[in-house]
Amino acid sequence: MSLIQTDENIIAQMDSYMQRVSELAPQIYKRRPVACVNTFGCQQNVSDSEKIKGMLKKMGYTFTDEPIDADFVLFNTCAVRGHAEERVFGNIGTTKQLKRERKETVVAVCGCMAQQEHICDRIRKSYPYVDLVFGTHVTHRLPEFLYKRLTGSGRIFEISNDNNEIIEGMPLSRDGKIKGWLPIMYGCDNFCTYCIVPYVRGRERSRASADIIAEAKQMIADGFKEIMLLGQNVNSYGKGLDEDINFSKLLRKINALPGDFRIRFMTSHPKDCTRELIDTVAECEKVERHLHLPFQSGSNRILKQMNRRYTREDYLELISYAKKRIPEVSFTSDVIVGFPGETYEDFLETLDLVKQVGFASLFTFIYSKRNGTPAAQMPDPISREEKGKWFSELLKVQEQISRAKNADLVGREFTVLCDSTAGEGRLSGKTLSFAEIEFEGNENLIGKFLKVRIDKFTNLLQGSVIE
Ligand code: SF4
């Protein structure tokens with residue numbers, strides 16, 4: 001049976017709550033209500049915040065970046081790293097004064113932190129001025145929670161995870177106009193031993209391809225030039241659906257849509273990255289020539305402890321196939337340094353893998369213990385200071401590789417999607433292989449595909465528009 005059930009009753013119910021809030025809130029605040037949405041963490045959270053803003057907009061809210069100016073302050077949180085959690089608590093703490101001055105302001109916490117029972121308990125006890133706490137499975141019920149709180153309900157804590165549905169058709173307010181997120185699946189079944197995501201985001205479930213295609217078509221019609229397909233493990237897309245689809249087939253369908261746009265995707269798991277997918281990337285002209293493929297460790301012993309279900313040899317073979325098959329391909333990755341039980345010899349294997357692949361850049365992390373995961377129980381004898389030294393060694397090696405790769409691009413010409421300003425009459429854009437180039441130009445070039453020649457590499461690639 002498919003896990004997907006679009007529930008029209010839920011949408012009708014939420015529509016009714018949205019209508020009621022839109023009538024009530026201006027009476028309470030004596031003005032058009034204002035919301036401040038603070039987003040922490042990964043692209044999935046950014047995408048979820050776009051849905052939250054869509055609902056708020058429909059309820060009549062405008063937006064501010066300043067909590068002090070807001071009638072509704074929301075923290076959409078991340079649970080992946082310990083220090084990020086503490087930062088969120090620091091931010092929540094600043095609303096205490098705000099609530100003292102304007103008690104009708106509603107303060108809410110949602111996202112991955114909120115999905116954890118011990119975090120809810122901490123908020124319940126130590127942050128009495130937080131009005132709403134809701135988890136990742138019930139984000140779409142924000143209008144209901146807000147209405148109930150505005151009509152005098154007590155504090156609301158809702159973190160049930162028995163809802164595995166994907167709710168289609170809720171409003172959405174995208175942040176950008178050129179690059180847009182398009183979630184294709186949610187949750188993760190992999191249970192890497194260091195990771196909290198499967199516990200806070202639930203089991204893998206994919207959106208029906210027709211819903212994704214319809215959204216992609218709308219994005220293209222709205223003028224988006226880059227569609228970022230999003231999911232915790234995009235390349236296992238399609239599992240559990242009744243249709244004959246997988247991630248490669250989905251990519252081909254989106255690639256076939258008419259229009260001038262690019263397709264990116266993240267995140268991919270090496271164990272699900274098939275040759276079929278690499279062939280698809282090679283054959284689809286709109287798909288970026290860039291694979292973000294987190295390897296996490298170059299040591300087979302540590303990969304096993306991490307429950308990653310591939311070996312360094314599998315990974316290197318994949319990379320070698322992609323290099324042969326995809327012209328101009330570039331790679332980025334996530335790496336964890338100092339996983340429990342990791343020795344310097346294990347770390348050297350990571351370093352060796354980094355050199356063999358030649359990543360364009362790396363997202364590097366020192367292991368962060370997450371309560372509730374198997375790795376949190378593993379002996380971890382290496383000091384933080386020692387891990388810090390390994391970390392610096394890795395950064396140094398990667399910096400040399402990145403510099404050499406960038407220097408190799410000087411003198412070449414690329415089609416670049418101009419996506420932002422870079423200050424002082426300069427613009428910034430990315431190649432299909434995800435190299436970032438700065439060049440002079442007028443802001444009306446933003447959102448255009450331009451031919452750019454790379455003139456030099458200092459700390460960044462600098463070029464000139466030639467067409
Ligand atoms: S694949 Fe592993 S690291 Fe990625 S979200 Fe799933 S459990 Fe976490």
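Helices α12 (residues 312-325) and α13 (residues 344-357) pack with their axes 11 Å apart, at an angle of about 10 degrees. Angles under 35 degrees count as roughly parallel, so α12 is roughly parallel to α13. The model is a predicted one. From α12, the contact draws on Arg-312, Tyr-315, Leu-316, Ile-319 and Lys-323. From α13 come Glu-349, Asp-352, Leu-353, Gln-356 and Val-357. By class, the residues of this contact are five nonpolar, four charged and one polar.

Now turn to the sheet. It is open and has three strands, in the order β7-β10-β11, with parallel pairing. Strands β7 and β11 are the edges, and each pairs on one side only. From one strand to the next, the twist averages 25 degrees.

Take the pairings of β10 in turn. Strand β7 covers residues 179-183, and its parallel pairing with β10 runs over five bridges. Here Trp-181 stands opposite Met-228 of β10. Strand β11 covers residues 262-266 and runs parallel to β10, joined to β10 by five bridges. Leu-229 stands opposite Phe-265 of β11. The route between these two strands passes through helix α9 (residues 247-255). This β-α-β crossover from β10 to β11 is right-handed. A further bridge partnership links Ile-227 with Ile-263 in β11.

Helices also pack against these strands. Helix α2 (residues 43-58) packs on the sheet and touches β7, β10 and β11. The direction of α2 makes about 95 degrees with that of β7. Angles of 65 to 115 degrees count as roughly perpendicular, so α2 is roughly perpendicular to β7. Helix α8 (residues 209-221) lies across β7 and β10. Its direction runs at about 170 degrees to β7. Angles over 145 degrees count as roughly antiparallel, so α8 is roughly antiparallel to β7.

How many of the five residues of strand β10 are buried? Five of the five are, so β10 (residues 226-230) is largely enclosed by the rest of the structure. In a regular strand the side chains alternate between the two faces of the sheet. In β10, both faces are covered. On one side, Glu-226, Met-228 and Leu-230 are buried. On the other side, Ile-227 and Leu-229 are buried. Met-228 is the residue opposite Trp-181, and Leu-229 is the one opposite Phe-265.

Further along the chain is strand β16 (residues 426-431), which holds Gly-429. Is Gly-429 buried or exposed? Its relative accessible area is 0%. Buried means under 20%, so Gly-429 is buried. Gly-429 lies 11 residues from Cys-418 in sequence, yet their C-alpha atoms are 4.0 Å apart. Beyond its neighbours within four places in sequence, Gly-429 is in contact with Val-416, Leu-417, Cys-418 and Asp-419, among others. The contacts of Gly-429 also include Ala-435, Glu-436, Ile-437 and Phe-439.

Thr-431 belongs to β16 too. At 5% relative accessibility, Thr-431 is also buried. Which residues does Thr-431 touch, not counting those up to four places away in sequence? They are Arg-262, Phe-414, Thr-415, Val-416 and Ile-437. Val-416 and Ile-437 are also in contact with Gly-429. Arg-262 ties this region back to the sheet, since β11 comprises residues 262-266.

Definitions and conventions:
Residues numbered from 1 in each chain as written. Predicted model: local features only at pLDDT ≥ 70, side-chain atom pairs only at ≥ 80, totals over all residues. Heavy atoms only, no water. Buried < 20%, exposed > 50% of the residue type's maximum accessible area, 1.4 Å probe, protein only. Helix = DSSP H or I, 4+ residues; strand = E, 2+ residues; numbered from the N terminus. Pairing = 2+ DSSP bridges. Right-handed = clockwise from strand over helix to strand, strands pointing away. Axes fitted to C-alpha atoms, helices over the stretch in contact; angles between N-to-C directions. Contact = heavy atoms within 4.5 Å. Nonpolar A, V, L, I, M, F, W, Y, C, P; charged D, E, K, R; others polar.
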